[in-house]
Amino acid sequence: MKTRVNGGAERRVSTRWIILLCLASFGLGMLFTDRFPDLNRRADSNRQMISQQRKEQELHVVSEDCTTKKKLDQDKDVMGEVTRTHEALQSLDKTISTLQMELAVSRSSRELTGSNGSPIITASSEQKKKAFVVIGINTAFSSRKRRDSVRDTWMPQGEKLKELEREKGIVIRFMIGHSATANSILDRAIDSEEEQHNDFLRLDHVEGYHELSAKTKIFFSTAVTLWDAEFYVKVDDDVHVNLGMLAATLSRHRSKPRVYIGCMKSGPVLSNKNVKYHEPEYWKFGEEGNKYFRHATGQIYAISKDLATFISINQPILHKYANEDVSLGAWFIGLEVEHIDDRNMCCGTPPDCEWKAQAGNVCVASFDWSCSGICKSVERIKDVHARCGEGDGAVWGALV
């Protein structure tokens with residue numbers, strides 16, 4: 001009995017303690033809640049800040065995506081605009097070049113006068129003829145046999161020469177000046193030859209080997225005044241030329257505003273007075289042993305219309321060096337000019353040009369470097385033409 005009574009008392013005590021503990025806990029909870037309201041506010045504030053930060057991060061990510069997409073779209077628009085602007089500038093540059101050429105040619109026609117004040121070219125007042133290319137064959141009084149050898153090989157004669165000019169826009173003339181003595185026997189011989197062949201371009205120039213730079217300037221100035229051509233070519237009368245290949249080569253560059261085409265070289269500046277190509281102004285090119293700047297070899301080269309016009313306008317102040325090819329290169333060295341090194345314009349004579357022709361790579365021009373032209377050209381040019389020529393009909397099929 002006692003044991004049961006004690007056990008019941010223990011159970012009653014335990015129940016009371018549980019109730020007291022619950023009441024104490026409730027009271028403490030109320031106490032802390034009333035005493036530290038700012039903690040609750042801070043907790044709520046922290047929760048709101050965390051929520052706000054998450055929203056801001058989400059908005060930032062979305063904003064970055066939009067900005068990136070917008071930037072990519074802007075970059076695409078900018079690149080497209082750059083491309084369109086570049087194309088427009090190219091078109092504008094070409095248009096300006098054309099206008100400048102027309103103005104320059106008009107100016108050169110007015111200013112190009114002889115020593116006595118009369119026009120150098122009697123036909124300068126006439127409307128200029130359109131042409132694709134004007135080819136000037138440099139020749140001398142003593143070179144009648146060379147001229148005949150050219151006429152018998154790669155240069156058409158008579159009606160075919162006129163037809164080539166009319167149908168293809170390819171003009172070919174032997175260019176020559178006059179002697180130091182007016183109406184000399186040399187001049188009369190050229191007059192007689194002109195009556196027979198009608199294939200000369202007479203220049204207001206006193207002939208002489210050491211005057212080739214001056215002759216080159218006058219040739220381009222005269223040709224620009226007479227013909228409105230896309231290209232102007234100078235070639236020596238001891239060089240073999242395939243006209244069809246020349247026309248095809250020039251056609252590949254006709255869209256370019258300023259081109260200078262030939263076999264580019266950079267030979268040594270020769271200070272020794274006893275050598276053939278001595279340069280009296282060697283000191284201008286730096287230390288002894290230096291080389292010239294890149295320029296086309298003088299046997300044959302081509303320049304575009306605006307470069308020929310540049311020479312025509314500025315010929316009084318263009319400096320002449322001892323060598324004609326160096327002089328031409330010097331006139332262009334400070335200009336925005338594209339130098340095109342075309343090795344088909346300086347092939348050797350057979351078997352070199354023959355092997356290339358057999359391989360389907362017909363040469364534009366052939367000569368011997370050792371002679372600065374075809375060695376003994378009068379005797380050998382027919383053989384070169386037979387073995388390396390493109391065929392008489394090739395020029396008529398050229399796309400110009």
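The following paragraphs lead through a predicted model of a single chain, from its overall composition to its helix contacts, individual residues, internal spaces and backbone features.

The chain has 400 residues, and 41% of them count as buried. Its secondary structure comprises eleven helices and nine strands. Among contacts with a sequence separation of 6 or more, 76% join residues that are 24 or more positions apart.

Two helix pairs illustrate how elements of the chain meet. In one pair, helix α3 (residues 144-151) packs against helix α11 (residues 377-388), with the axes 9 Å apart and at an angle of about 10 degrees. Since angles under 35 degrees count as roughly parallel, α3 is roughly parallel to α11. On the α3 side the contact involves Lys-145, Arg-146, Ser-149 and Val-150, which meet Ser-377, Val-378 and Ile-381 of α11. The contact of α3 with α11 is mixed in class, having three nonpolar, two polar and two charged residues.

The other pair is formed by helix α8 (residues 305-314) and helix α9 (residues 324-332), whose axes come within 11 Å and cross at roughly 100 degrees. Because a crossing of 65 to 115 degrees counts as roughly perpendicular, α8 and α9 are described as roughly perpendicular to each other. Here Leu-307, Phe-310 and Ile-311 from α8 meet Leu-328, Trp-331 and Phe-332 from α9. The residues of this contact are six nonpolar, with no polar and no charged members.

The loop between α8 and α9 contains Asn-323. The relative accessible area of Asn-323 is 11%, and the cut-off for a buried residue is under 20%, so Asn-323 is classed as buried. Beyond its neighbours within four places in sequence, Asn-323 is in contact with Ser-213, Tyr-277, Glu-279 and Tyr-292.

A second buried position is found in a strand. Gly-177 belongs to strand β2 (residues 170-178), and with a relative accessible area of 0% it is buried. When neighbours within four places in sequence are set aside, the contacts of Gly-177 are Phe-141, Asp-187, Arg-202, Leu-203, His-205 and Glu-207. One of these partners, Glu-207, is in contact with Gly-177 across a sequence separation of 30 residues, and the C-alpha atoms of the two lie 5.6 Å apart.

Attention now turns to the open and enclosed spaces of the model. The largest pocket has a volume of about 1,200 Å³ and a lining of 44 residues, among which Tyr-209, Leu-212, Lys-276, Tyr-277 and Ser-372 lie nearest its centre. The elements α6 (212-226), β4 (227-236), β7 (295-304) and α9 each give two or more residues to this lining. The largest share, four residues, comes from β7. By class, the pocket lining divides into 16 nonpolar, 16 polar and twelve charged residues. Tyr-277 thus appears in two settings, as a residue nearest the centre of the largest pocket and as a contact of Asn-323.

Enclosed spaces of 30 Å³ or more number two in the whole structure, both of them cavities. The largest cavity has a volume of about 50 Å³, and its lining consists of Val-269, Ser-271, Tyr-282, Phe-285, Gly-286, Glu-287, Glu-288, Gly-289 and Asn-290. These lining residues are three nonpolar, four polar and two charged. The second largest cavity, with a volume of about 30 Å³, is lined by Arg-151, Met-155, Pro-156, Gln-157, Gly-158, Leu-161, His-197 and Asp-199. Its lining comprises three nonpolar, three polar and two charged residues.

Several loop residues deserve a closer look for their backbone geometry. Pro-350 and Pro-351 are joined by a cis peptide bond, with omega of about 15 degrees. Pro-351 lies in the loop between β8 (338-341) and α10 (352-358).

The loop between β9 (365-366) and α11 includes Ser-372, and Lys-376 is also found between β9 and α11. Although Ser-372 is not a glycine, it has a positive phi of about 55 degrees. Lys-376, likewise a residue other than glycine, has a positive phi near 50 degrees. As for accessibility, Ser-372 counts as partly exposed at 23%, whereas Lys-376 is exposed, with a relative accessible area of 66%. Ser-372 also links this loop to the pocket described above, being among the residues that lie nearest the centre of the largest pocket.

Methods. Residues numbered from 1 in each chain as written. Predicted model: local features only at pLDDT ≥ 70, side-chain atom pairs only at ≥ 80, totals over all residues. Heavy atoms only, no water. Axes fitted to C-alpha atoms, helices over the stretch in contact; angles between N-to-C directions. Parallel < 35°, antiparallel > 145°, perpendicular 65-115°, else oblique. Contact = heavy atoms within 4.5 Å. Nonpolar A, V, L, I, M, F, W, Y, C, P; charged D, E, K, R; others polar. Buried < 20%, exposed > 50% of the residue type's maximum accessible area, 1.4 Å probe, protein only. 1 Å grid on protein atoms, 1.4 Å probe; cavity = no way out; pocket = protein on both sides within 12 Å on 5 of 7 lines; lining within 4 Å. Points joined across faces, edges and corners; volume = space filled by probe spheres on them.
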